[in-house]
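Grab a coffee and work through these short exercises on helix packing. Have a go at each one before reading its solution.

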Amino acid sequence: METCVERGAAVATADAEWSEAGLRCRPCGQRAEIIGHVRTAVANDAAVAERKLRGRAGNVARAHGLVWSVTAIVFGCSYDHGAHAAWLVPLLAVPAVVVSLAIVGRQAWAYWTAIAIDVAAVALPLGAAATAGSGDAWMVAGLAATVPALLLIVMLSLRRRQRQ
Ligand SMILES: [Zn+2]
């Protein structure tokens, strides 16, 4: 007779199973095997979810980084006929890159920064249109607000998935 490591019960040598944990009776061996399968499955699910989240954060960061850097270049080069482009473009572009990289790193502050910028970028043209009050102004504002609105949607979706 042997002793099961799980329950300390006596078990016939013929019914004993050897494992890394030691000698087990057959029911304990089967139970350990099932628990092992479940653990592996949970770990695999977590790994898949983590990979998806990483990919999503990368996509959201790329989209924001692209829009922000293009905005920085366009604004920096057009402001005062580009007279200040040499310092204005990097001044705007460097924080944009920093925040984008922090989104890749899934930093909460970067998420909130991006959300704040997206909301402002949606609100500003709409506010300007409301002030102007013309149909044309609303159309231009609608077009201008579309891109930040899309960025805001993917950003909020990423944040929601990360919290799950
Ligand atoms: Zn046992």
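**Exercise 1.** Work out how helix 1 and helix 4 pack in this predicted model.

Step 1: get the geometry. Helix 1 covers residues 26-78 and helix 4 covers residues 135-163; their axes sit 10 Å apart, at an angle of about 155°.

Step 2: turn the angle into a direction. Angles over 145 degrees count as roughly antiparallel, so helix 1 is roughly antiparallel to helix 4.

Step 3: add the handedness. The crossing of helix 1 past helix 4 is left-handed.

Step 4: list who touches. Helix 1 brings L53, R56, A57, V60, A63, H64 and V67, while helix 4 brings V147, L151, V154, M155, L158, R161 and Q162. Sorted by type, these contact residues come out as ten nonpolar, two polar and two charged.

**Exercise 2.** Find the residues of the largest nonpolar core and say which helix gives the most to it.

Step 1: the core has twelve residues, namely A57, V60, A61, V99, I103, A110, Y111, A114, I117, L151, M155 and L158.

Step 2: assign them to helices. Helix 1, helix 2 (85-104), helix 3 (108-132) and helix 4 each put in at least two. Helix 3 tops the list with four.

Step 3: zoom in on A114. Beyond its neighbours within four places in sequence, A114 contacts H64, V99, I103 and M155.

**Exercise 3.** Decide whether R54 is buried or exposed.

Step 1: place the residue. R54 is part of helix 1.

Step 2: count. R54 has 12 C-beta neighbours inside 10 Å, and the cut-off for exposed is 12 or fewer, so R54 counts as exposed.

Step 3: check a distance. From C-alpha to C-alpha, R54 and V154 are 14 Å apart, with their positions 100 residues apart in sequence numbering.

Note on methods: Residues numbered from 1 in each chain as written. Predicted model: local features only at pLDDT ≥ 70, side-chain atom pairs only at ≥ 80, totals over all residues. Axes fitted to C-alpha atoms, helices over the stretch in contact; angles between N-to-C directions. Parallel < 35°, antiparallel > 145°, perpendicular 65-115°, else oblique. Left-handed = near helix turned anticlockwise from the far one by under 90°. Contact = placed C-beta atoms within 7 Å. Nonpolar A, V, L, I, M, F, W, Y, C, P; charged D, E, K, R; others polar. Core = buried A, V, L, I, M, F, W, Y, C linked by C-beta atoms within 7 Å. Buried ≥ 20, exposed ≤ 12 C-beta atoms within 10 Å, placed from the backbone.
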